[in-house]
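User: I should like to learn how the features of a model are read. Please take them one at a time, giving the general idea before the particular case.

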Amino acid sequence: MKGRYWLPWLLMLWVTSTSLAESLIITDMVGRTVTIQAEPQRIICIGPGALRLIVYLDAQEKVVGVESMEKRLPASRPYWLAQPQLRTLPDIGPGGPAAINKKPDMEAVLRVAPDLIVVTYMEAALADEVADTLGIPTVVLSYGELSVFDQAVYDSLKLAGRILNRRERADAVIDYIEGLRGDLHNRTANIFDRDKPGVFVGGIGYRGSHGIESTQRNYIPLDWNHAVNLAQQVESTIGSYVFVDKEVLLGLNPDVIFIDGGGLALVAEDYRKKPDFYRALTAFQSRRVYTLLPFNFYTTNIGTAMADAYAIGKMLYPSRFEDVSLADKADEIFIFLVGQPVYAAMRLEYGDLGQPAPFID
C-alpha cells in the first residue's frame with residue numbers, strides 16, 4: 001500500500017525537477033529577473049540591433065519573425081545581406097526608431113508563436129507588461145548609448161549566448177573584436193599628436209540621413225585609430241551626436257574629411273549648390289575627402305564600424321597600413337561576424353571603402 005502513495009509523489013518530484021532543469025533564470029540588461037526555458041527554439045528580435053546580435057551568435061535559425069523595418073535598405077546592414085532567408089519570415093510589427101520603447105504589435109507577435117522575445121532599448125516596466133500580457137518571456141538587451149561602442153554590447157552578447165547555448169561563440173566574437181581593436185591600437189598609438197591631421201566625419205545618420213553638418217564626438221573608427229576628431233571641440237546636447245553649423249566647420253577647417261555613405265548623396269547635392277563653401281575647406285582644396293560605409297543604421301553595425309576604422313587608418317597613416325587590403329579586411333570581418341562576404345554588395349550601393357569623394361570636380 002505504501003508504494004501506491006510513494007509513486008505519485010515520486011512522479012511529481014521528477015516532473016518538478018525536470019522542469020527546473022529545463023528552465024533558466026537570468027538577469028537582463030535592465031535588471032529584470034526572467035525565467036525562460038533552456039535553449040529556446042523560437043525567438044523574435046525587437047528593437048535596434050536585437051536581430052544583429054542573434055546573427056553574430058550564429059543563432060539566426062531560431063528566428064521566426066522579423067520587424068518590417070529590417071526589410072528596408074538592406075545594403076546598410078551586413079547581417080541582413082548575409083542571411084537572405086530572414087527576408088522570407090513574417091512581419092512581427094513595424095520596428096524602426098519610432099517603435100523604440102513602445103508596446104509591440106501583440107497580435108503579430110502571437111501569430112509567430114515565439115517562446116522568447118529579445119528586445120533592445122525597452123524600459124523594465126514595459127518589458128514586464130509585454131511579458132505578462134503575452135505570456136512569453138521577454139529579455140532586454142542593450143548596446144549602451146545609441147551608436148557608441150559600449151561595454152554593454154559585450155554583456156548583451158554574453159547574456160544572449162548563455163540563453164541560446166552560444167557561450168563559446170559569444171566569447172569568440174568578443175575576442176575577435178578586441179583583437180581588431182588591439183591591432184588598430186598597435187598600428188597608431190605611438191603617433192605623436194603633432195603628426196596627426198585634424199579629422200572631421202560628416203553625413204552621419206541620426207534617426208535618418210543628414211548632410212555634412214552631422215557628426216559625432218565619440219566616433220568608433222576615429223577613436224580606435226587615436227585620431228584627432230575635431231568634433232570633440234563642439235558641444236553636444238544629444239549624447240555623442242553634434243550638428244555643426246557650416247560657419248563652425250569653416251573654423252575647424254579639417255585637414256581630412258570622411259563622409260558617411262548614408263549621407264553621401266546629401267553632401268554631394270549640397271556641394272553642387274554651395275561649391276564655394278566646400279572649396280574654402282582645406283580638405284576639399286587638397287582633395288583629402290574620402291567615403292566610408294554607413295554603420296549607424298538601427299544602432300551600431302559593429303563589423304562595418306571596424307571596416308571603416310581600417311579605411312580611416314589607411315587614409316590617415318598609409319605607411320602603417322601598407323599590408324591591409326580594405327576589401328579583403330572588410331570581408332574577413334563580415335565572414336566572421338555574419339557568415340558571408342558581403343562587401344561587394346555594400347560596395348555596389350556606397351562605392352569603394354575609403355575612395356576619394358566622387359562628386360568633387
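Analyst: Helices are DSSP runs of H or I with at least four residues, strands are runs of E with at least two, and both are numbered from the N terminus. The model in view is a predicted one. Helix H15 covers residues 343–350, and after H15 comes Gly351, with a positive phi near 85 degrees.

User: Which residues of helix H15 are buried?

Analyst: Burial is read from relative accessible area, and a residue under 20% counts as buried. In H15 the buried residues are Tyr343, Met346 and Tyr350.

User: Where do the buried residues fall when one looks down the axis of H15?

Analyst: An α-helix has 3.6 residues a turn, so residues three or four places apart point the same way. In H15 the buried residues fall within an arc of 65 degrees, so they line one face of the helix. Their cover includes H3, strand S12 (289–292), helix H13 (302–316) and H14.

User: How should a sheet be read, and what is the order of the strands in the open sheet here?

Analyst: Strands of a sheet pair through backbone hydrogen bonds, either parallel or antiparallel. Here four strands form an open sheet in the order S4-S3-S5-S6, with parallel pairing. Strand S4 (63–65) and strand S6 (138–141) are the edge strands, each pairing on one side only. From one strand to the next, the twist averages 35 degrees. Strand S5 (residues 116–120) pairs with S6 in the parallel sense over four bridges; Ile117, for instance, has Thr138 in S6 as its bridge partner.

User: Which helices lie on S5 and S6?

Analyst: Helix H5 (residues 124–134) packs on the sheet and touches S5 and S6, its direction making about 155 degrees with that of S6. Helix H6 (residues 151–163) lies across S5 and S6 and runs at about 155 degrees to S6.

User: How many aromatic pairs does the whole structure hold, and how is the geometry of a pair judged?

Analyst: The search finds ten aromatic pairs. The angle between the ring planes classifies a pair: under 30 degrees is stacked, over 60 is edge-to-face. Tyr176 and Phe336 are stacked, at 4.1 Å centre to centre with 20 degrees between the planes. Tyr176 belongs to helix H7 (residues 167–188) and Phe336 to helix H14 (residues 326–338), so their pair ties together parts 160 residues apart in sequence. Tyr176 is buried at 15% relative accessibility, whereas Phe336, at 26%, is partly exposed.

User: Which pair is edge-to-face?

Analyst: One such pair is Phe277 and Tyr278, at 4.9 Å centre to centre and 75 degrees between the planes. Phe277 is buried at 12% relative accessible area, and Tyr278 is buried at 0%. Both belong to a cluster in which ring pairs link Tyr271, Phe277, Tyr278, Phe284 and Phe359.

User: Which charged groups lie over rings?

Analyst: The charged end of Lys246 sits over the ring of Phe277, 5.5 Å from the ring centre. Elsewhere, Arg194 lies over the face of Phe192, at 4.3 Å from the centre of that ring.

User: Finally, is Glu70 buried or exposed?

Analyst: The same accessibility reading applies: at 2% relative accessible area, Glu70 is buried. Glu70 is placed in the loop between S4 and helix H3 (78–82). Apart from neighbours within four places in sequence, Glu70 is in contact with Leu51, Arg77, Tyr79, Trp80 and Tyr298.

Methods. Residues are numbered from 1 along each chain as its sequence is written. This is a predicted model: local features need pLDDT of at least 70, side-chain atom pairs count only at pLDDT 80 or more; totals for chains, interfaces and linings use all residues. Side-chain values use heavy atoms; hydrogens and water are left out. Two strands pair if DSSP finds at least two bridges between them. Axes are lines fitted to C-alpha atoms, for helices over the stretch in contact, and angles run from 0 to 180 degrees between N-to-C directions. Contact means heavy atoms within 4.5 Å. Rings of Phe, Tyr and Trp (its six-membered ring) pair if their centres lie within 6.5 Å; planes under 30 degrees apart count as stacked, over 60 as edge-to-face and the rest as tilted. Buried means under 20% relative accessible area, exposed over 50%, partly exposed in between (1.4 Å probe, protein chains only). A charge sits over a ring if NZ of Lys or CZ of Arg is within 6 Å of the ring centre and within 35 degrees of the ring normal. The arc is that of the directions from the helix axis to the C-beta atoms.
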